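Student: I've got a structure to look at and would like some help reading its surface, burial and cysteines. Can we go through it together?

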Amino acid sequence: MALTLDAKIPAGPLAEKWDRHRFEMKLVNPANKRKHSVIVVGSGLAGASAAASLSELGYRVSCFCFQDSPRRAHSIAAQGGINAAKNYRNDGDSVQRLFYDTIKGGDFRAREANVYRLAQVSVDIIDQCVAQGVPFAREYGGLLANRSFGGAQVSRTFYARGQTGQQLLLGAYQALEKEIARGGVAMFERHEMLDVVLVDGKARGIIVRDLRTGEIESHAADAVILATGGYGNVFYLSTNAKGCNVTATYRAYKKGAAFANPCFTQIHPTCIPVSGDHQSKLTLMSESLRNDGRVWVPKRREDCDKDPSSIPEADRDYYLERKYPSFGNLSPRDIASRAAKEACDDGRGVGPGGRGVYLDFGDAIKRLGRQAIEERYGNLFEMYQRITDEDPYTRPMRIYPAVHYTMGGLWVDYNLMSSIPGLHVLGEANFSDHGANRLGASALMQGLADGYFVIPYTIGDYIARTPLPAVSTDHPAFAAAKADVEARTRALLAINGTRTVDSFHRELGKIMWDKCGMARDAAGLRQALEEIPRLREAFWRDVKVLGAAEGLNQSLEKAGRVADFLEFAELMCRDALHREESCGGHFRTEYQTEDGEAKRNDEAFAYVAAWEYAGDGVDPILNKEPLAFENVHLSTRSYK
Amino acid sequence: MHLTLHVWRQASPDQPGRLVEYAAPDISPDMSFLEMLDVVNERLIQRGEEPVAFDHDCREGICGSCGLMINGSAHGPMKLTTACQLHMRSFKDGDAIWIEPWRAKAFPVVKDLVVDRSAFDRIIQAGGYISAATGTPQDANALPIPKPDADWAMDNAACIGCGACVAACPNASASLFTAAKVTHLGALPQGQPERERRALAMVAQMDEEGFGGCTLHGECQEACPKGISIDAIMQLNRDYIRASATKVEVAEWTGAA
Ligand SMILES: Cc1cc2nc3c(=O)[nH]c(=O)nc-3n(C[C@H](O)[C@H](O)[C@H](O)COP(=O)(O)OP(=O)(O)OC[C@H]3O[C@@H](n4cnc5c(N)ncnc54)[C@H](O)[C@@H]3O)c2cc1C
Ligand code: FES
């Protein structure tokens with residue numbers, strides 16, 4: 001049964017849609033809000049801001065996260081900054097320009113109306129965060145400072161040293177704790193969501209495992225919000241925190257929520273290269289470094305093993321500056337990543353295995369002095385040195401692209417509701433705003449836009465318009481979902497095979513990186529689609545998960561997440577195979593221009609691919625939401 | 001490198017724990033400390049023994065999940081470095097390494113190296129915030145803040161809530177954690193209206209959780225992976241004394257925010 005995907009984009013001119021929509025919404029009267037309950041899964045920027053804001057409005061909120069404290073959500077790790085169209089620099093920024101940059105950056109695969117709203121509310125986010133006490137960087141005059149990020153020619157990125165995500169999250173977390181103290185939010189830390197429960201076709205609750213006791217619990221509410229982050233860890237190695245997973249969104253998919261553009265993955269150009277087989281994750285070096293660092297490789301292969309300082313200027317290839325003179329080192333991520341891969345594939349990579357390029361601060365230090373660089377990037381330089389044992393002040397950094405962010409996610413309409421009524425999806429977990437490639441500093445913006453400024457309105461409209469008869473966890477739908485979760489837990493523990501969970505995860509990651517990574521082609525994807533089911537079968541036959549269902553069992557947690565990745569990976573490859581074009585982070589080698597740039601096919605593929613689960617072992621159904629571009633001209637993206 | 005580990009194993013909160021010795025051969029100096037534990041755990045699983053439980057997530061020194069006493073020091077031998085960012089090149093071939101959980105009455109052990117730090121969240125609940133409900137406050141630049149104030153706020157806001165300060169303190173005091181938040185918010189104009197109540201309420205909660213008092217040993221500052229200075233504790237003390245003198249009633253405020 002194909003879904004009808006109604007994006008519910010309000011009528012009217014682009015700039016007036018959100019205002020008009022807010023006016024047309026039904027409101028829940030303040031006294032009634034107390035009678036309504038909302039479950040928020042996730043306490044990152046999207047989840048914490050939503051939970052706090054909904055509680056302030058008067059809803060009864062329950063919030064869940066798998067870490068031991070909501071403050072540890074993966075948003076904490078974001079480094080570089082958050083965009084907003086404040087135009088404080090007087091350099092030509094505007095809502096329209098942020099909108100345009102985001103649509104273009106996403107290679108024309110995002111929905112205009114959502115992106116425009118994002119640009120509109122971006123300015124309120126900065127005001128809100130400052131009011132909460134977020135210590136953004138400031139100029140000597142006391143006003144807020146900005147820096148530039150890739151894909152933009154204006155300086156619109158606000159930051160707090162190299163810890164912007166931390167500071168924004170602490171602001172949202174503190175608002176959340178304030179609401180917990182007031183009794184508006186019940187917080188469930190160390191709880192992992194393992195299923196969503198539908199009653200009469202609407203999302204009315206979730207099943208969670210209390211990670212300390214192992215108990216499987218049911219929670220009911222009037223509406224459910226998933227803000228569970230991205231699924232980059234399907235590649236095993238990524239810049240994401242170890243716990244990042246697809247479980248919550250994938251289980252929702254299996255209950256009927258369409259999964260949009262799963263193959264749209266962002267590979268970040270500046271990460272510390274892999275150092276050996278023991279590698280458990282990759283570390284990002286913030287994009288902000290490209291404000292002052294220059295990327296290069298030797299012109300000649302035979303120079304690759306030389307000490308970089310001994311290679312004269314004339315023998316260096318500053319390939320981004322050469323290929324993209326107008327954006328240079330600040331070219332968007334997908335383009336910068338592919339250019340690095342190309343240089344390394346050409347045998348001109350540096351460092352172990354030839355998988356690295358230089359990011360050189362020599363010129364900037366000469367121009368600005370060491371102290372200025374230390375002030376801007378000190379903590380990043382220290383981190384680099386701790387990991388690599390090399391001093392980036394005197395020797396160029398070695399960097400290489402790594403999986404970083406997932407633009408794909410659960411399909412949502414303009415109100416951020418998935419194809420399951422009542423199930424809303426915020427932040428990285430949805431697909432909505434970044435198309436096929438996200439611009440730097442725009443994920444933090446989107447997470448907070450969704451949580452502070454969009455969902456508090458749209459969920460009220462849903463609650464006001466929808467008959468929601470009381471449902472308790474005694475309802476048979478809860479018992480059934482709980483029994484499924486318990487059976488799966490028992491099954492994982494019963495296998496007692498010979499291989500560890502991590503060994504399967506690594507193997508899956510390698511398949512995905514090789515065949516569904518920075519460059520993809522039909523032959524490789526078809527191969528992956530044969531290998532993944534085989535690996536999944538081996539997992540369910542041979543994985544070794546020790547310990548019990550009761551109590552803290554980290555192997556069991558990991559096993560459940562990897563089991564979901566092993567199914568989800570197939571969906572990603574299927575999506576990548578069906579999209580016979582290159583766009584943004586999705587680069588199909590068969591579809592490129594003569595000089596190796598991504599070649600879109602707007603005639604055939606200007607749509608959102610929303611996959612619908614049709615049963616185990618059955619091909620999922622492809623639903624298409626056509627993308628209409630009424631305000632921007634579909635052009636070939638150029639950063640030259 | 002070949003190492004010998006002595007690791008605290010404790011099956012559950014109410015069972016007694018003990019140190020167990022494990023040989024850890026073939027460890028690369030390029031591994032992080034947690035990657036070394038991953039390798040040890042993979043080997044344990046292969047042998048049919050339950051792996052060692054430890055908290056971790058970002059592995060970038062920012063989420064504050066990881067926290068291990070390594071040879072008696074919180075986060076190990078390297079200054080300004082969390083356990084996840086510590087690399088094995090800080091150790092020598094043949095070393096013996098003792099790995100234990102944070103030890104504090106207010107941080108009960110959950111399992112092996114995992115402890116319960118929810119007391120920190122409750123200290124924040126008591127007043128570690130600025131009450132600014134979501135809405136449309138004034139323009140961010142309407143309130144200039146001198147750069148040194150903003151920088152000082154940021155220095156203290158850098159706390160990752162890992163608990164190393166408590167683990168390192170002979171009194172198991174949470175003063176540095178509490179002070180960092182009080183100082184961050186108190187350095188900003190937005191934080192002034194609630195400043196006195198904040199200090200009183202957060203200190204009261206800290207005491208209630210069973211953390212010890214501060215006698216200015218300074219071990220916390222040594223252990224803090226983010227370099228937060230005990231100057232913050234001086235600030236907390238000043239705010240606390242001033243608030244006590246003006247007799248703000250904590251009870252009339254907490255819960256009514
Ligand atoms: C190293 C790094 C640096 C970055 N830097 C920037 C930057 O400078 N600017 C920018 O804009 N973006 C940046 N990003 C991207 C950005 O940080 C993320 O996209 C964003 O923070 C995601 O926020 P979120 O709220 O959607 O999800 P997250 O912060 O990932 O939160 C997910 C939440 O869901 C919970 N959760 C997940 N699964 C479950 C489950 N099954 N059950 C219960 N709870 C669950 C988790 O506990 C957590 O609370 C960076 C990303 C990385 C990896
Ligand atoms: S794992 Fe996040 S700080 Fe160590």
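Student: What is the accessible surface of chain A, and what share belongs to carbon and sulfur atoms?

Tutor: Accessible areas come from the Shrake-Rupley method with a 1.4 Å probe, and for residues only the protein chains shown count as cover. For chain A the total is about 20,900 Å², with 49% of that on carbon and sulfur atoms. Keep in mind that this is a predicted model: local features need pLDDT of at least 70, side-chain atom pairs count only at pLDDT 80 or more, and totals for chains, interfaces and linings use all residues. Side-chain values use heavy atoms, leaving out hydrogens and water.

Student: Okay, and how much of chain A is buried?

Tutor: Buried means under 20% relative accessible area, exposed over 50%, and partly exposed in between (1.4 Å probe, protein chains only). Of the 640 residues in chain A, 68% are buried.

Student: How many disulfides are there?

Tutor: A disulfide is a covalent bond between the sulfur atoms of two cysteines. Here the cut-off is a pair of cysteine sulfur atoms within 2.5 Å. Over all chains, the structure has zero.

Student: Why is Cys271(A) without a bond?

Tutor: Its closest cysteine sulfur, in Cys344(A), is 13 Å away, so that's too far for a bond. Cys271(A) also counts as buried, because its relative accessibility is 0%.

Student: And where is the nearest cysteine sulfur to Cys573(A)?

Tutor: That one is in Cys516(A), 4.1 Å away, and Cys573(A) is in no disulfide. Cys573(A) is buried too, at 0% relative accessible area.

Definitions and conventions
Residues numbered from 1 in each chain as written. Chains lettered and ligands numbered in written order.
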